[in-house]
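Grab a coffee and work through these exercises with the structure open beside you. Try each task before you read its solution.

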Amino acid sequence: MTGWHLDDDILRRYVERTDSLAEGASVEQHLLSCEPCRARVSTAAVGVIDFAAVWDRTRDAVEVPRPSVFERLLRAAGLPAHEARLVAVASAFRSAWLVGVITILAFAALAAGIGQARGMWLFLAVAPVVPCLVVASSYDPWLDPALEPELVTPYPALRLILLRTIAVLAIALPAVVLFGLVVPGRAPFAFLLPAVGFVAVVLAASTWVSPLRAAVVVSVVWLAVIWQLATRSGPPGEVLQAWAQAGFTVLAVASFVIFLVRRRRLRQVRPWR
Amino acid sequence: MDSRPGDETLLLAVAERDMGAFRTLYERHAGWLAIRLARRCNDRDLVADAIQDTFVAVWQKPQGFRGDGDIGAWLWGIAIRRLVSRLRTRSRVAAVFENTEAAPAAEDQVLLSVEYGDIGQALARLSPEMRAVIQAVVLDGLSAKEAAQLLDVPVSTVKTRLHRAKGRLRAVLAEGPS
Amino acid sequence: MPTASITLRDVGRTFGATQALADVGLDLKPGITGLLGPNGAGKTTLLRLLATALPPTRGRLSVLGLDPEVPAERTGIRRQLGYLPQEIGFPRGFTAFAFVDYIALLKEWTQPAARHAEVRRVLGLVGLADLGSKRIRAMSGGQRRRVALAQALLGSPAVLILDEPTTGVDPEQRVTLRAVLAELARTSVVVLSTHQTEDVAALCERVIVLDRGRVRYDGPVTDLVRQAAGRVWLADEPDPEASVSWRTGTGRYRNVGPRVRNGAEHVEPSLEDAYLLLRGGSPDHEPREEVAS
């Protein structure tokens with residue numbers, strides 16, 4: 001490191017760009033390793049760009065959370081920006097959760113596609129409970145633990161839960177139908193009513209117990225039912241007959257009514273840790 | 001050196017997500033980086049965007065600086081590439097700014113010869129286009145492709161000019177001092 | 001602008017068979033009020049009631065002149081309310097900024113520019129201005145507590161309810177906290193709960209002592225301290241006449257007792273003495289209760 005540093009003339013020529021290529025190159029090479037001269041150049045740099053404004057934009061770029069894919073989808077669907085963010089922040093939209101869920105469904109559909117009746121039963125066991133599990137995860141306090149401060153904010157809790165539920169269903173239900181197409185035989189839409197029914201049951205049950213607990217119970221019960229039917233009777237399609245569909249519809253409507261009636265009690269459920 | 005924190009200390013703090021250290025880095029370096037970028041591109045908005053991108057990149061990967069060499073070189077490497085990136089996405093041409101070359105005063109000419117020897121004069125006798133290529137490729141260390149984006153010319157042109165510039169330099173130097 | 005206030009009349013709260021609060025009557029005005037009491041005294045329950053997180057099972061509550069039983073008015077209260085619960089589980093992967101920003105969204109800060117500025121402001125108040133981008137999971141316990149406090153401070157609420165805000169907070173930060181709360185308390189009702197009498201002494205003008213769900217004392221801190229005047233003395237051994245005795249750092253014993261002790265080496269009472277006296281014994285003109293250990 002020599003004792004050579006920028007003097008005022010060289011600095012002025014550099015900043016005003018009246019120097020030669022050689023001189024400029026020499027200055028720039030020097031600056032790469034000389035802090036005091038860099039400081040002098042920085043001082044002379046006032047006005048080159050609006051440094052304060054660029055700082056603000058830079059700070060925002062690193063500090064303000066970026067919208068996720070789901071958030072952008074929700075905005076595209078018409079939700080105002082701040083509400084889209086509120087809805088999208090739910091646990092159900094954390095990529096890990098959704099990836100896991102899609103994997104399960106895909107596996108089940110595959111099993112149904114290649115296997116025979118067994119595969120069908122597998123799909124029948126899994127597909128209708130996936131939506132209620134994902135809905136539960138979107139507002140269960142164990143997975144979405146900021147519960148207590150959320151409790152006392154002015155934003156209506158019910159609206160948030162319903163929006164999140166709808167958003168989850170908007171992804172989960174088409175996924176169920178899509179994968180259902182791979183399954184031979186039964187129309188994929190037949191899985192929808194049970195799925196919706198279970199979601200309604202979970203919503204209603206969450207006015208008594210935590211949503212995730214309710215969803216797990218529903219899933220286990222359904223699995224048990226399917227298991228029983230699978231080991232006993234023959235064709236899986238039976239479960240989705242008209243009378244079953246009607247039953248699921250009644251279940252869905254009744255549960256939803258209960259949910260609305262008891263909605264005040266929703267957030268008073270103690271967080272289950 | 002005074003009691004201000006060193007750049008490496010600041011980078012460590014940035015890795016720990018310290019916004020104060022990040023701001024200090026910005027205040028220390030944004031100025032000279034902006035001037036240096038403005039010497040290659042006369043579009044101030046692009047320069048501002050490139051500065052922003054540079055510091056965002058520093059925030060995202062402060063450990064990219066491995067302590068070998070000076071932080072200035074590392075920062076400049078990021079900055080010039082961000083500028084090139086921005087130019088790539090800009091539809092309108094941002095002309096590369098050329099030094100307005102006033103005829104060097106007598107004493108400066110002496111200075112040039114003394115400081116830089118014949119190279120300085122040899123470079124001064126190249127055409128502006130050739131000087132731009134030399135600056136981009138040789139001095140800034142850009143690849144031919146990056147230089148092409150910066151100068152807004154095809155890659156083949158960059159290579160041709162570089163080849164010719166080197167040839168001219170050799171010829172001028174071979175001539176000896178005038 | 002009407003003065004902020006909270007009023008409770010005959011408020012009680014039961015959970016199944018347990019009576020957590022009974023016959024609570026309070027009038028809270030702007031200023032900092034401390035809530036003291038042992039575990040299980042009902043402090044958290046009372047705070048939850050004040051924060052409209054829980055309805056009372058008996059009695060009436062009025063916050064800022066509004067009735068929390070009426071949904072529209074409850075929302076009105078919540079618009080001017082900040083609440084720091086005893087425990088917050090932070091969602092995974094959130095930075096301090098992202099979390100406070102999320103709560104700000106729930107508090108109806110819809111405009112991004114104003115919201116971000118407010119988030120930065122409250123993070124600055126708790127000394128975390130430069131750590132907004134740090135993941136909460138990567139923070140120390142004290143820092144997390146400060147993030148939780150920051151969300152309560154959003155919007156400079158007229159009612160600020162803090163459950164154990166000084167947990168894990170070091171003495172320097174307590175000084176900053178005091179300054180922040182004092183500023184807010186000029187126009188807002190601030191209620192904070194704590195186990196530590198030093199916190200009340202440092203932060204509060206007024207104190208409410210809760211014991212087994214009932215209010216044992218409600219008034220200025222200075223008056224409570226005065227109740228112990230002449231009732232605190234030092235001795236070389238624990239005094240059997242005292243309600244409470246303990247060994248101090250100097251090796252002597254500090255004694256607190258309801259009967260004024262003549263000839264003993266009296267010392268200036270602290271709030272802790274007065275609190276222990278209140279809990280373990282009683283002033284002269286009331287029947288003496290069991291001696292505490």
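**Exercise 1.** How many residues of chain A are in contact with chain C, and how many residues of chain C are on the other side?

*Solution.* One thing to keep in mind throughout: this is a predicted model. Start with the count: 19 residues of chain A touch 27 residues of chain C. Next, look at where chain A's share comes from. Helices H4 (51–63), H6 (81–88) and H10 (147–151) of chain A each bring at least two residues to that side. H10(A) gives the largest share, with four residues. Finally, sort chain A's side by class: you get 12 nonpolar, two polar and five charged residues.

**Exercise 2.** Now do the same for chain B against chain A: which helix of chain B gives the most to the side that touches chain A?

*Solution.* First the totals: 38 residues from chain B meet 29 residues from chain A. Then list the helices of chain B that supply at least two residues each: H2 (19–38), H3 (44–60), H4 (71–89), H5 (106–124) and H6 (128–139). Of these, H2(B) gives the most, with 10 residues. By class, chain B's side comes out at 23 nonpolar, seven polar and eight charged residues.

**Exercise 3.** Describe the fold of chain B in outline, using its secondary structure, burial and contacts.

*Solution.* Count the elements: chain B has eight helices and zero strands, so reading from the N terminus you just get α-α-α-α-α-α-α-α. For burial, 41% of the 178 residues in chain B are buried. For contacts, take the pairs at least 6 apart in sequence; 63% of them join residues at least 24 apart.

**Exercise 4.** Are helices H11 and H12 of chain A roughly parallel or roughly antiparallel?

*Solution.* Begin with the geometry: H11(A), residues 157–180, packs against H12(A), residues 192–205, at an angle of about 155°, with the axes 11 Å apart. Anything over 145 degrees counts as roughly antiparallel, so that is what this pair is. The crossing is right-handed. Now find who makes the contact. H11(A) uses Thr165(A), Leu169(A), Leu173(A), Val176(A) and Val177(A), while H12(A) uses Leu192(A), Ala195(A), Val199(A) and Leu203(A). Sorted by class, this contact has eight nonpolar residues, one polar and no charged ones.

**Exercise 5.** What are the domains of chain C, and how far apart are the centres of domain 2 and domain 3?

*Solution.* The domain assignment gives domain 1 as 1–80 + 157–221, domain 2 as 90–155 and domain 3 as 228–280. Taken over C-alpha atoms, the centres of domain 2 and domain 3 of chain C are 44 Å apart.

Notes
Residues numbered from 1 in each chain as written. Chains lettered and ligands numbered in written order. Predicted model: local features only at pLDDT ≥ 70, side-chain atom pairs only at ≥ 80, totals over all residues. Domains from an automatic or database assignment. Axes fitted to C-alpha atoms, helices over the stretch in contact; angles between N-to-C directions. Parallel < 35°, antiparallel > 145°, perpendicular 65-115°, else oblique. Left-handed = near helix turned anticlockwise from the far one by under 90°. Contact = placed C-beta atoms within 7 Å. Nonpolar A, V, L, I, M, F, W, Y, C, P; charged D, E, K, R; others polar. Buried ≥ 20, exposed ≤ 12 C-beta atoms within 10 Å, placed from the backbone.
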